[in-house]
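Grab a coffee and work through these short exercises with the viewer open. Try each task before you read its solution.

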There are 2 protein chains.
Amino acid sequence: MTITITAFERSPDGGKGLARDTRVRWALEETNQPYDVRLVSFAAMKEPAHLALHPFGQIPTYEEGDLALFETGAIVFHIAQQHACLLPEDPAARARATTWMFAALNTVEPPILDLTIARIVEADKPWSQARLPLVAERIRTRLNQLSARLGDADWLDGAFSAADLLMVSVLLRLRMSGILDEYPTLAAYVARGEARPAYQRAFGAQLTVNAAAPMAG
Amino acid sequence: MTITITAFERSPDGGKGLARDTRVRWALEETNQPYDVRLVSFAAMKEPAHLALHPFGQIPTYEEGDLALFETGAIVFHIAQQHACLLPEDPAARARATTWMFAALNTVEPPILDLTIARIVEADKPWSQARLPLVAERIRTRLNQLSARLGDADWLDGAFSAADLLMVSVLLRLRMSGILDEYPTLAAYVARGEARPAYQRAFGAQLTVNAAAPMAG
């Protein structure tokens, strides 16, 4: 059954791989599944046809026959459930990996997204610069805890799993800020993720789209 | 096998049910499972024994024999997977419910938590009041989309599921702000969740703990 995902016609990051379709592409590459991509413009994302697929008007979405999913975490989980290379089959190990999937998206990512709000969404507000150190401190609290738990392990819980795929993707958002480099073990963890051939293919695929798109503005 | 969860010795909300153990209690009540509660102080949450269970030093945690989980979404998912009353058995319906679980925690909750940051964490900052309308607008964007999708349905996707349990819990955080009341269909949706006997038992159980605790300060 053909899998079709959606992605930005023109990603706001210009192809740095931070748009969330990269996460889904990565999961599909790890599990060796071919997929089609339908590109959507910012205008189309807010129109009824796309909102029927994604009630919050975002990308990516996932279609496979009659099944239509949105929300990156859920799409990656759906893919991972069917492939032991992304979620262990042992029920306890699977529950722990699922825990780390939620932790990546619900505990580690929110303060990181707040940096985007402070830096970009509220860039023109008088408090923007003054808020940045507070936001960065909340991120460091999480990274301290995460690096303490990871220790010198390669991955969060034994073998590479969908939890690492999501956690690495979340941490990648920090690279430009320099904060990630304050945590050498986490920077090395992210580099291990990026070095995976499946990540490289996913990154390359999204880059091809964005390199082909005319520059914004 | 005995299930043990952790909860605040003294919840910051004084028993309004907004601490995340209420979500886990609710799932356990919907599935008619007895559970023990171990109360932890703020100091104990940052100590090695608790960090071994929860690397981010939060509550709730979940222990069942040798299995130890953290992260509310993952705990609720673990409970729900074993009981059709919280996750449908049909694979497509289950994938859709999982999508809504992630949407509640990763798309709807972050702007709502930002209101807590603006109102409480950054209450003493000079920008606190000026930021509130921006944060509220980001919440309204999500609530507009959510209410458009819910329409006049009772629950997000057919029967009540773990997705509704999480979405109602997330929306409950908004009640004090008055924003929820701007959306009558969402306010009614939350009220339907609160009216469930399992929610009532969960709410009552956390209230008993907090009513018994001496007042802070």
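The exercises below use a predicted model, and each one comes with a worked solution.

**Exercise 1. Work out how chain A and chain B are related.**

Start with the general idea: two copies of a chain are related by a rotation about an axis and a shift along it. Now plug in the values. Chain A lands on chain B after a rotation of 180 degrees with 0.0 Å of shift along the axis, and the RMSD is 0.0 Å. That makes the relation a two-fold axis. Both copies also use the same surface, since 100% of the contact residues of chain A recur in chain B.

**Exercise 2. Decide whether B:His50 is buried or exposed, and list what is around it.**

First find B:His50: look in helix H3 of chain B, residues 48-53. Next, check its relative accessible area, which is 5%. Buried means under 20%, so B:His50 counts as buried. Then look for a polar partner: the B:His50 side chain comes to 2.7 Å from the backbone oxygen of B:Gln58. Finally, skip the neighbours within four places in sequence and collect the remaining contacts of B:His50, among them B:Thr6, B:Val40, B:Met45 and B:Ile59.

**Exercise 3. Classify the packing of helices H1 and H4 in chain A.**

Pick out H1 (residues 21-30) and H4 (residues 72-81) of chain A; their axes are 9 Å apart and the angle is about 5 degrees. Angles under 35 degrees count as roughly parallel, so that is the label for H1(A) and H4(A). Who makes the contact? H1(A) brings A:Arg23, A:Val24, A:Ala27 and A:Leu28, while H4(A) brings A:Thr72, A:Ile75, A:Val76 and A:Ile79.

Bring in the helix geometry: an α-helix has 3.6 residues a turn, so residues three or four places apart point the same way. Keep that in mind as you scan the two contact lists.

**Exercise 4. Find out how many of the 10 residues of helix H4 in chain B are buried.**

Go along H4(B) and tick off the buried ones: B:Thr72, B:Gly73, B:Ala74, B:Ile75, B:Val76, B:Phe77, B:His78, B:Ile79 and B:Ala80. That gives nine of the 10, so this helix is largely enclosed by the rest of the structure.

**Exercise 5. Place A:Thr116 and state its exposure.**

A:Thr116 belongs to helix H5 of chain A, residues 91-121. With a relative accessible area of 34%, A:Thr116 is partly exposed. For a distance check, take A:Gln145: A:Thr116 is 29 residues away from it in sequence and 21 Å away in space, C-alpha to C-alpha.

Note on methods
Residues are numbered from 1 along each chain as its sequence is written. Chains are lettered from A and ligands numbered from 1 in the order in which they are written. This is a predicted model: local features need pLDDT of at least 70, side-chain atom pairs count only at pLDDT 80 or more; totals for chains, interfaces and linings use all residues. Side-chain values use heavy atoms; hydrogens and water are left out. Helices (H or I, at least four residues) and strands (E, at least two) are DSSP runs, numbered from the N terminus. Buried means under 20% relative accessible area, exposed over 50%, partly exposed in between (1.4 Å probe, protein chains only). A polar contact is a pair of N or O atoms within 3.5 Å; within protein, one must be able to donate a hydrogen and the other to accept it, and residues adjacent in sequence count only if both atoms are side-chain atoms. Contact means heavy atoms within 4.5 Å. Copies are superposed by least squares on the C-alpha atoms of residues with pLDDT of at least 70 in both. Axes are lines fitted to C-alpha atoms, for helices over the stretch in contact, and angles run from 0 to 180 degrees between N-to-C directions. Angles under 35 degrees count as roughly parallel, over 145 as roughly antiparallel, 65 to 115 as roughly perpendicular and the rest as oblique.
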